[in-house]
Amino acid sequence: MLKNEDSKPNHWLTAALLMPTTMWFMFMLILPLIVILIFSFGERAAVGGYAASFTFEQYANLPSRLKAFQNTMIFATIGTLLSLFMAYPLAYYLALRVDRRYKFILLVLVIVPFWTSLLIRTYAWIFILGGRGIPLMLEWIGIEGVRLVNTPGAVLIGIVYGYLPLMVFPIFVSLEKIDKNLLEASNDLGGTPFKTFMQITLPLSMLGVATGCMLVFILLMGEFLIPAFLGGGKVFFIGNALVDLFLQSRNWPFGSAVSVTLVVIMLITVSLYMRLTMRTKTGRDESLM
Amino acid sequence: MSKIYKENKPITSEKLMNEFHRYQKGSITRRHFLRVTGLGAAMTVLGTAMPSLLPRKAHAFGNLGNRLVFATWPNYHNQVNLDEFTKMTGVHLQMNAFGSNEEMLAKLQAGGTGWDVIVPTNYTITNYVNLGLIQPLDLSRLPNYDGSANDPMFAGPATVNGTVYCVPKNWGTTGFIINTKKIKSSPKSWKDFFDVTMGAGSGHTIVHDYQLTTIGAALCALGYSFNSIDPNELAEVEALLIKSKPHLFAITSDYQPGMRSGDAWMSICWNGDATQLKNDLPEMDYVIATDGGEIWTDFYAIPTGAPHLDAAYVFINYLQDPYIQAREASVHGYAPTDSRAIALQPDSLGSDPILHPAAELLNGLEFGAAQTMTDPVRAEVIARFKSA
């Protein structure tokens with residue numbers, strides 16, 4: 001009796017609470033995706049834009065952007081791995097080693113760069129890596145002819161710089177949740193620090209690693225700012241191709257076809273990730289996503 | 001009006017500009033500036049012709065609202081002028097700077113820009129009119145604009161089918177800039193430009209992220225028209241561009257940082273940027289290519305459905321004032337189309353070969369054509385070049 005009374009209003013309450021999110025997703029995600037899908041079968045209008053049609057021409061033209069897709073996959077993978085190797089020691093230090101008193105301030109420092117727009121911070125790197133920046137300092141110590149800006153290396157520097165905090169936080173959270181008694185137990189039972197790390201710390205932080213990697217990888221797949229600024233337009237991501245197709249050539253149908261392809265690649269990657277994390281969880285009921 | 005002005009001219013134009021810069025830097029007050037330059041006295045005479053100079057309260061302009069959004073190009077305005085406009089009218093300016101006309105068109109086509117004033121280039125105007133993206137101008141609301149003071153060669157594209165849609169801003173050329181400390185061979189043509197790019201200057205050349213100028217330059221280098229939309233010629237252009245790509249420093253329309261840092265030695269360049277660069281770095285040299293290139297005029301236009309129409313008219317009228325135009329040019333380094341404004345420029349600018357090149361140098365140059373903007377092959381060639 002009491003239970004029934006409870007569940008009835010709850011039913012309505014649930015619907016009411018879910019309504020804003022549902023509407024948001026309907027109008028801001030599902031509907032635009034449908035529009036993109038329809039556009040991708042259309043034709044470029046004479047002066048640019050979209051003209052209704054039903055053709056697979058746009059999808060047939062996809063190979064012309066193969067290099068951009070390849071670049072994106074390669075740079076997103078390398079960028080994610082570099083961020084991971086840079087972020088893990090930092091997260092480990094913050095979660096397990098640092099004095100409690102400083103933990104908060106150090107965490108804040110990791111977020112501080114987010115207070116300024118990525119655009120401005122990336123623009124600053126043009127000058128740091130440019131001829132009057134680091135290369136000039138290298139000249140002072142006798143290393144000449146170093147070129148940094150507008151190279152693939154510069155793009156990777158920009159990526160690691162921009163995305164590091166996104167990698168640090170999930171790993172930090174997963175490391176911080178580890179029961180310290182487990183580490184002590186391992187130590188008491190004669191495990192070397194290395195063995196403890198490999199058998200306890202690392203497996204227990206895998207969820208954070210996977211989440212961080214996924215966050216960085218997915219965002220990198222859509223990145224266009226860093227390659228445009230630090231690659232000088234010569235390192236070309238699929239995001240740059242999209243900017244080009246919508247903002248310069250005004251070829252909306254082809255841009256839509258490229259977008260749909262990108263969404264499909266993302267969906268495959270995310271479902272692979274889901275499977276991976278399901279396996280990693282091994283019965284533990286805590287997920288970060 | 002320019003005649004009255006000249007008769008009253010109390011100081012040399014050189015000195016005027018000096019006072020100008022002092023005023024801009026804030027070393028002297030507006031009142032002092034107007035007094036020493038004699039503009040204060042002149043204004044009582046010219047008050048009706050140059051109303052924007054008169055210090056009026058905001059209500060004198062009626063209710064203009066407090067905001068105006070305008071789309072323009074980078075390094076193209078004098079902040080002093082913009083600040084003064086806000087001070088006089090209470091209208092705050094929100095400026096969007098763009099890298100290409102195509103980008104501006106893309107935003108207008110997508111709709112909902114909220115722009116009140118745009119700065120389109122000659123070759124876009126018939127496209128904008130045909131697409132219904134800009135509205136006819138009511139010249140009675142622009143008393144500072146004097147059609148007879150503008151050379152029809154530059155102002156011509158503003159009129160489409162007998163209706164005036166824009167008023168001219170500045171004109172200029174698209175050539176290339178070289179750092180003469182690094183490039184000794186003194187390239188003269190677009191052919192030389194690409195030869196140096198793939199030779200002695202490898203790794204240090206910038207081309208624009210802009211189909212009009214980059215494809216145009218390659219077309220000229222191959223001996224074709226800057227405006228060609230012939231698919232065969234454009235296929236040759238694509239081959240040339242892709243061949244030169246490994247030798248480029250960058251593909252970007254924001255080439256000043258690269259030229260200033262010394263990383264880039266040569267770049268496709270608009271003449272105003274050349275003036276700005278040369279002012280700071282004397283080793284810079286601007287070249288109008290002997291095998292062709294672009295000559296252009298930029299205009300002020302009001303997009304259809306501009307949300308702050310009254311403010312847009314007052315703003316354009318303000319910027320048409322010859323004195324304001326001269327003050328704009330003192331910063332951005334492009335020549336005004338308006339002879340009244342040219343008369344106000346100091347002699348050093350009036351005879352500057354970058355701003356006012358010899359007439360025979362302009363002979364080989366072409367104005368962009370309307371179909372050059374919308375041609376799908378050109379659009380795809382630049383996109384493939386960039387993604388190659």
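This report looks at chain A and at the place where chain B touches it.

Welcome to the structure; please keep in mind that it is a predicted model.

Let us begin with chain A. Its secondary structure adds up to 12 helices and 2 strands. If you follow the sequence along, the order of these elements in chain A is α-β-β-α-α-α-α-α-α-α-α-α-α-α.

How does the radius of gyration of chain A compare with that of a compact globule of 289 residues? Such a globule would come out near 19 Å, whereas chain A has 24 Å. Along the principal axes, the C-alpha atoms of chain A occupy a box of roughly 85 × 75 × 30 Å. As for burial, 33% of the 289 residues in chain A count as buried. Among the contacts in chain A with a separation of 6 or more, 74% join residues that are 24 or more positions apart.

Now to the meeting of the two chains. Chain A brings 28 residues to the contact, and chain B brings 27 residues. On the side of chain B that touches chain A, the elements giving two or more residues are α6 (101–110), β8 (248–251), α12 (256–261) and α20 (376–387) of chain B. Which of them gives the largest share? That is α20(B), with 7 residues.

The table sorts the side of chain B that touches chain A by class.

| Class | Side of chain B that touches chain A |
|---|---|
| Nonpolar | 12 residues |
| Polar | 8 residues |
| Charged | 7 residues |

Methods. Residues are numbered from 1 along each chain as its sequence is written. Chains are lettered from A and ligands numbered from 1 in the order in which they are written. This is a predicted model: local features need pLDDT of at least 70, side-chain atom pairs count only at pLDDT 80 or more; totals for chains, interfaces and linings use all residues. Two residues are in contact if their C-beta atoms, placed from the backbone, lie within 7 Å. Helices (H or I, at least four residues) and strands (E, at least two) are DSSP runs, numbered from the N terminus. Ala, Val, Leu, Ile, Met, Phe, Trp, Tyr, Cys and Pro count as nonpolar, Asp, Glu, Lys and Arg as charged, and the others, Gly among them, as polar. The radius of gyration is taken over C-alpha atoms; the globule rule is 2.2 Å times the number of residues to the power 0.38. A residue is buried if 20 or more other C-beta atoms lie within 10 Å of its own, exposed if 12 or fewer, and partly exposed in between; C-beta atoms are placed from the backbone.
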